[in-house]
Structure formats: structure tokens, C-alpha cells
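Me: I should like to go through the structure below and ask, for each label, what justifies it. Please set each value against its definition.

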Amino acid sequence: NETSRLVSFARDSPEPGDARINVYYTTGTVGTCLDHPRQGKTQLFRRKVDLAMLRETFRNPRVHTDRGYQRRQRQRPNGSAQEAPVEQEAPADEEAEARAQLQKLQNEAKDIAVDIANVQAIVRGFERKREEGAAALKQRRRQEQEARDADEQRRKAKEADAQLERKRSARGRQLAFQGLPGRDAITGNFSEDVVSVATDGEATIMLFEQAAWAFTAGLPTALHNKLQGRQRTLPRPTYVALGSENRYYLEFADGAKIWSGPEALRRALEDEDLIEQHRGVRTVAFGETFDAFFLVCKDGWWSCGGELPDGLEEGVRRKDLSCVSLGPDGEWYFQAHNGSSKWGGVPRDFANFIRKVKSGITFIDFGADGSYLIRYN
């Protein structure tokens, strides 16, 4: 057929598996239409086919040449086959065949776009579920962490309360005193949150846990001015000691110290390496004369100066002291870390009272004219 430039060959009585061969003899293209056992109805186009290849194609319509392209029935993602287009009898020419193939591919592209959209929706569904699961897991872990944090805070608060109670017991929750001016003020201000109390027989001073302090009249002027002009935002005072002749010692939460006393005490306190080596100052006591003092550190090490009362030096020949107290009239008291204690030079009524509470005593201070205070549990 010179007009269509196509010669089509097929059996008069086709059998299953037979092929129709279209030869576009003006271009050298050969199209083979056959029913593939797996791919279904297909068309294989071979370009630039010579006579030898044409002869081989007639013998074996499925022969491959690597020179053509194929169109076939397409499988949908769900496994169903797309309906094959109606096969036309002998297309007019190769251009028509190509246009038909183009139209088929365009139709398939539309179907593929729909399939892609459907599969993307499925994928997005899985991604959304995964994101929702991750968000739920993150929230659950955050809630679990918040619960653990809350438990830890409660544990720390409970431990802090227990530690505070231990400190209060170690300081002594009760106070007894005799011969001190300002009885009502002393009784009204004292409580278990007093971290330090001291007297010289004229003035009594108390320091509290919450950066506060109270004192009666007669406090040494330098100490009075230091406390009265101190801002409450500065490190709070944590320990105080008083003695006759305006001697005093005051320590703050940051370790800073101020004092008025003998030269030997100054040298001891200004040896910061030595004080730090022994974990800091625990108690300071001022004796009968201006030069007399007794310094005890927190590890039991101690230093003293001046003339000490009879019996004290013999009693403190040990290195585990927890406190030493001196009075203006030769009174003294010491306590060791193991709880043992001893005293001397005290009035009879004091000795009688101290025997009653001896096991619970945590601190004693002496003042002028036989006055004293005792902190105990």
C-alpha cells in the first residue's frame, strides 16, 4: 500500500499467542502486536529494521533488538489491570500510531496522577499517625519527667526539713538563763530558729535563720553599729560571741568575720589557711582578763591565749572539743564531740541546774555577776 506506507501481516486463522506484524517500509519501522503471557496485550516497535532483522522478526515476533519502544497494558497499584485500549485495525501510518500511543500515555499519566494522589494520601496518613504517636510519646515522657521532678523536689524538701530539724536539735531547742537584764525580751525572742545566742551579762543577742537578729540594751557600740547599719540583702550573720570589756566576735554566712579582742586572737583568726584547714570557727570564748580567749574549730582543733581558769587546761588536753565557754569571774565549761562535758568555777545554783539537763546541753555562756544562759534539748 503505497499511500499508507504500511504492510500488515497476520494469520488468516489466528491462534492464541499469534502476532500481527506491521511493516512501515518507508521508515524501516516494524510493529509487533502480540499477547504477552505476563504483560498482556503489547505492541513492540523496532526502528531501522533491515531485511535480515525483518526475516528474524517473522520467525520470532518476540525477538529483541534494543532499537525500539514498547507499549503494554498497565497494572494499577491495587493489583487490578487497567482495561486495554481497543486495538485499531491497521493504523493509517506510523505518525497515527505514535499519536495513538501518545494519547494512551497521556491517559495513563492522568490515571497515574490519581494513583499517586491516593498513595500520597495513604502515606500522609501513616506519617500523621507517626507524628501523632511521636507527639503522644513526647507528652508522656514530659509528664513522666515532670512527675519525677516533682518527686525529687518533694524528696529534697523532705530532706531539707529533716536537715533543718537536725540542726535545730544540735543547737538546742530550749533556753534557760539567770541574772540577765531584759528577761521578757529574751523569753519573747528566743525560738528554735535562733542559730546563735550570746551574753556578757549586760546585753544578750540572738541571730535567726532568716537573716534577722535581736538584742537587748548594752551591746558593744561597734557591734551595734555593724548590725544596725547592715542591709538585710547582705550575707546574714551566723555566729556571735560576747565578752567583758567590749570584746566580741561576729561571723557571716560568706565566712567574713569581725571582732574586737586580744592580739593573739587576731593572729589566730587572720591565719586563714589554718582556720580553713580545720574547717572554720565553731566557738569563741572570752575569759576573765582581756587577753584570755579560747577558740575552737569545727574539727575539734583549738587555740587559746591569756590566763585560763584553774582546771580548764587539765580538762581540755584533747583534740576533739565541740565548744568551750569562759566567764568574767573564772567560770568555764567545755564539751567534747563524744558528748562528755566538764565545768568549774560556777555558782551553786548553776551547778545544780546543769546536772539536771547535762545530757541535753548544747551551749553555755557566762555573764557578769554570776549570770548565765544554757541552751539544751
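Reply: Rings of Phe, Tyr and Trp (its six-membered ring) pair if their centres lie within 6.5 Å; planes under 30 degrees apart count as stacked, over 60 as edge-to-face and the rest as tilted. By this rule there are seven aromatic pairs, and Phe350, Phe366 and Tyr372 form one aromatic cluster. The model is a predicted one, in which local features need pLDDT of at least 70 and side-chain atom pairs count only at pLDDT 80 or more, while totals for chains, interfaces and linings use all residues. Residues are numbered from 1 along each chain as its sequence is written, and side-chain values use heavy atoms, with hydrogens and water left out.

Me: Why is the pair of phenylalanine 350 and tyrosine 372 called edge-to-face?

Reply: The ring centres of phenylalanine 350 and tyrosine 372 are 4.6 Å apart, and the limit for a pair is 6.5 Å. Their planes stand at 80 degrees, and an angle over 60 counts as edge-to-face, so the label applies. The pair links distant parts of the chain, with phenylalanine 350 in helix α8 (residues 348-356) and tyrosine 372 in strand β20 (residues 372-376), 22 residues apart. Helices (H or I, at least four residues) and strands (E, at least two) are DSSP runs, numbered from the N terminus.

Me: What makes phenylalanine 350 buried?

Reply: Buried means under 20% relative accessible area, exposed over 50%, and partly exposed in between (1.4 Å probe, protein chains only). Phenylalanine 350 has a value of 0% and is therefore buried; tyrosine 372, at 6%, is buried as well.

Me: Which label fits the pair of phenylalanine 353 and tyrosine 376?

Reply: This pair is also edge-to-face, with 6.1 Å between the centres and 75 degrees between the planes. Phenylalanine 353 lies in helix α8 and tyrosine 376 in strand β20, 23 residues apart. Phenylalanine 353 has a relative accessible area of 23% and is therefore partly exposed, whereas tyrosine 376, at 18%, is buried.

Me: How do you know that glutamate 152 and arginine 155 form a salt bridge?

Reply: A salt bridge is a side-chain nitrogen of Lys or Arg within 4 Å of a carboxyl oxygen of Asp or Glu. For glutamate 152 and arginine 155 the closest N and O atoms are 2.6 Å apart, so the criterion is met. Both residues lie in helix α2 (residues 94-171), three residues apart, about one turn of the helix. Glutamate 152 is partly exposed at 30%, and so is arginine 155 at 46%. The structure holds 15 salt bridges.

Me: What makes the salt bridge of glutamate 209 and arginine 168 a link between separate parts of the sequence?

Reply: The closest N and O atoms of glutamate 209 and arginine 168 are 2.8 Å apart. Glutamate 209 lies in the loop between β8 and β9 and arginine 168 in helix α2, so the pair ties together parts 41 residues apart in sequence. Both residues are buried. Salt bridges that share partners join Glu165, Arg168, Arg171, Arg173, Glu192 and Glu209 into one network.

Me: Why do β7 and β9 count as edge strands?

Reply: Two strands pair if DSSP finds at least two bridges between them. Three strands form an open antiparallel sheet in the order β7-β8-β9. β7 (194-199) and β9 (213-215) each have a single partner strand, so one side of each is left without a neighbour in the sheet. Strand β8 (residues 204-208) and β9 are joined by three bridges, so they satisfy the rule. In one of these strands, β9, alanine 214 is the bridge partner of methionine 206.
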